[in-house]
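Below are some questions and answers on a single protein chain. The sequence and structure come before them.

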Amino acid sequence: MPVEFLTDVQAAAYSRFTQPPSLAELERFFFLDDTDMALVNKRRGDYNRLGFSLQLGTARLLGSFLADPLDVPTEAVDFLAEQLGVADPSCLKAYGEREKTRLEHQWEIAREFGYRDFPAVEAELVRWVDDRAWNTGDGPKALFEGRWCGFGNGGSCCQG
């Protein structure tokens, strides 16, 4: 995502966990409903079910997949492990052993939930930002701060 309009602090915080998600964020973005569980339960092995679930929750919370899907706070891992009945969340270490698995999971999540790559929606996003800025008087920095900095970053990533 082009980040030229962002402050250095905002750009550094984009698409990363800068602090653990709050309980409200865990419940909103990492809770697995019946549809999610049906997808998750297609996976063999606790590490695959946990890894898939983490990628799903991360995409919901941050709006993108992480380059390293295991670069998540332990709070998210523990929250999902409890839902999945995974007794040993450290099994997640095995998830990264086959890189193609994580990519296949990303593709499936994107397909199932209608997520699209940034280049495919850039023009639409620019129109939305322009319309929103025109209607609210907020600039791109303020719009970014209101959307992304309130999630996964305790609302504080863009202050300062």
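The questions concern a predicted model and take up a pocket, a helix and some salt bridges.

Q: Which helix supplies the largest share of the lining of the second largest pocket?
A: The second largest pocket has a volume of about 210 Å³. Two helices, α4 (46-62) and α6 (99-113), each give at least two residues to its lining. The largest share, three residues, comes from α6.

Q: How many charged residues are in the lining of the second largest pocket?
A: The lining includes K42, R43, R44, E97, R98 and E104. By class, three lining residues are nonpolar and three are polar, while the charged ones number six.

Q: How far apart are the end C-alpha atoms of α6?
A: Helix α6 has 15 residues, and at 1.5 Å a residue these should span 21 Å. The computed separation of the end C-alpha atoms agrees with this, at 22 Å.

Q: Against which helices do the buried residues of α6 pack?
A: The buried residues of α6 are T101, R102, H105, Q106, E108, I109 and A110. Their packing partners are α3 (34-40) and α4.

Q: Is Q106 buried or exposed?
A: Q106 is part of helix α6. Leaving aside neighbours within four places in sequence, Q106 is in contact with Q55, F65 and L66. Its relative accessible area is 11%, and the cut-off for burial is under 20%, so Q106 is buried.

Q: What distance separates the C-alpha atoms of Q106 and P69?
A: Along the chain, Q106 and P69 are 37 residues apart. In space, their C-alpha atoms are separated by 9.8 Å.

Q: Which residue forms a salt bridge with D46?
A: Side chains of opposite charge can pair when their charged atoms come close. The partner of D46 lies in the same helix, α4, three residues away, or about one turn. That partner is buried at 13% relative accessible area, whereas D46 is partly exposed at 34%. The closest N and O atoms are 3.1 Å apart, and the residue is R49.

Q: What is the N to O distance in the salt bridge of R102 and E99?
A: R102 and E99 are three residues apart in helix α6, so about one helical turn separates them. R102 counts as buried at 16% relative accessibility, and E99 as partly exposed at 48%. Their side chains meet with an N to O distance of 2.9 Å.

Q: Which residue meets E104 in a salt bridge?
A: E104 is partly exposed, at 32% relative accessibility. The lining of the second largest pocket includes both E104 and its partner. At an N to O distance of 3.3 Å, that partner is R98.

Conventions:
Residues are numbered from 1 along each chain as its sequence is written. This is a predicted model: local features need pLDDT of at least 70, side-chain atom pairs count only at pLDDT 80 or more; totals for chains, interfaces and linings use all residues. Side-chain values use heavy atoms; hydrogens and water are left out. On a 1 Å grid over the protein atoms alone, a cavity is a set of points where a 1.4 Å probe fits but cannot get out, and a pocket is an open set with protein on both sides within 12 Å along at least five of seven lines; lining residues have an atom within 4 Å of a point. Grid points are joined across faces, edges and corners, and a volume is the space filled by probe spheres set on the points. Helices (H or I, at least four residues) and strands (E, at least two) are DSSP runs, numbered from the N terminus. Ala, Val, Leu, Ile, Met, Phe, Trp, Tyr, Cys and Pro count as nonpolar, Asp, Glu, Lys and Arg as charged, and the others, Gly among them, as polar. The expected span of a helix is 1.5 Å times one less than its number of residues. Buried means under 20% relative accessible area, exposed over 50%, partly exposed in between (1.4 Å probe, protein chains only). Contact means heavy atoms within 4.5 Å. A salt bridge is a side-chain nitrogen of Lys or Arg within 4 Å of a carboxyl oxygen of Asp or Glu.
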